[in-house]
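Work through the exercises below with the sequence and the model side by side. Try each task before reading its solution.

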Amino acid sequence: MGRRSRKRGKGDAAPAATTDYEDAEGNVLTLRDSLSAGTLRKLTEVTGSSASTRDDVWQRLGELMFERLAVSWTIAGLPLTGQKEQLGRYRMADSDTRRWVRETLEEHLRRLSAG
């Protein structure tokens with residue numbers, strides 16, 4: 001059989017554990033409760049090119065954390081579950097929303113590393 005018709009076995013796995021965080025407006029960000037060792041390593045290795053500013057590196061780290069942790073983001077009752085649509089919405093968010101997301105991601109990582 002061709003490669004495309006083979007079953008990969010991923011569909012049988014139980015869904016990953018998640019935690020929901022709600023902001024003051026009732027929007028819900030759902031984050032996964034575990035990350036692979038490779039992902040954790042990647043988060044600690046984020047650097048920029050020689051032309052990157054400290055802010056560029058900080059922004060990239062925030063996006064990388066968001067990409068790896070976010071499972072879904074419900075905004076005004078509309079659930080965003082695709083990684084591209086979530087990241088696009090994060091990039092378009094106002095500074096207060098981005099700050100809330102960043103603080104939520106950092107708190108979530110602290111909880112994961114403590115537990």
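**Exercise 1: the sheet**

The model holds an open sheet of four strands in the order S1-S2-S3-S4, and the pairing in this sheet is antiparallel. Here strands (E, at least two residues) and helices (H or I, at least four residues) are DSSP runs numbered from the N terminus, and two strands pair if DSSP finds at least two bridges between them. This is a predicted model, in which local features need pLDDT of at least 70 and side-chain atom pairs count only at pLDDT 80 or more, while totals for chains, interfaces and linings use all residues. Residues are numbered from 1 along each chain as its sequence is written, and side-chain values use heavy atoms, with hydrogens and water left out.

Task: state which strands lie at the edges, and how many bridges join each pair of strands.

Solution.

1. The edges are formed by strand S1 (18–22) and strand S4 (78–80), each of which pairs on one side only. From one strand to the next, the twist averages 15 degrees, where axes are lines fitted to C-alpha atoms (for helices over the stretch in contact) and angles run from 0 to 180 degrees between N-to-C directions.
2. S1 pairs with strand S2 (residues 28–32) in the antiparallel sense over five bridges, and within this pair Tyr-21 stands opposite Leu-29 in S2.
3. S2 and S3 run antiparallel and are joined by four bridges, with Val-28 standing opposite Thr-74 in S3.
4. S3 and S4 are antiparallel as well, with three bridges between them, and here Thr-74 stands opposite Pro-79 in S4.

**Exercise 2: the two hairpins**

Task: find which residues take a positive phi in the hairpins of S1 with S2 and of S3 with S4.

Solution.

1. The hairpin of S1 and S2 has five residues between the strands, and in its turn Gly-26 has a positive phi of about 90 degrees.
2. The hairpin of S3 and S4 has two residues between the strands, and there Ala-76 takes a positive phi near 50 degrees, although Ala-76 is not a glycine.
3. Ala-76 is placed in the loop between S3 and S4. Its relative accessible area is 74%, so Ala-76 counts as exposed; exposed means over 50% relative accessible area, buried under 20%, and partly exposed in between (1.4 Å probe, protein chains only).

**Exercise 3: helices against the sheet**

Task: determine which strands helix H3 and helix H4 lie across, and which residues of H3 are buried.

Solution.

1. Helix H3 (residues 83–92) lies across strand S3 (70–75) and S4, and runs at about 60 degrees to S3.
2. Helix H4 (residues 95–114) lies across S1, S2 and S3, at about 35 degrees to S2.
3. In H3, the buried residues are Gln-86, Leu-87 and Tyr-90. Seen down the axis of H3, they fall within an arc of 95 degrees, so they line one face of the helix; the arc is that of the directions from the helix axis to the C-beta atoms.
4. These buried residues pack against H2, S3, S4 and H4, whereas the face turned away from the buried side of H3 carries the exposed residues Lys-84 and Met-92.

**Exercise 4: the interior**

Task: identify which residues have the most contacts inside the largest nonpolar core, then decide whether Ser-72 is buried or exposed.

Solution.

1. A nonpolar core is a set of buried Ala, Val, Leu, Ile, Met, Phe, Trp, Tyr and Cys residues joined through side-chain atoms within 4.5 Å. The largest one has 16 residues, and those with the most contacts inside it are Leu-29, Leu-31, Phe-66, Trp-73, Val-101 and Leu-105.
2. Two or more residues of this core come from each of S2, helix H2 (54–69), S3, H3 and H4.
3. Leaving aside neighbours within four places in sequence, Leu-29 is in contact (heavy atoms within 4.5 Å) with residues including Tyr-21, Phe-66, Trp-73, Trp-100 and Val-101.
4. Ser-72, found in strand S3, has a relative accessible area of 14% and is therefore buried. Residues up to four places away in sequence not being counted, Ser-72 touches Val-28, Leu-29, Thr-30, Leu-80, Thr-81 and Gln-86.
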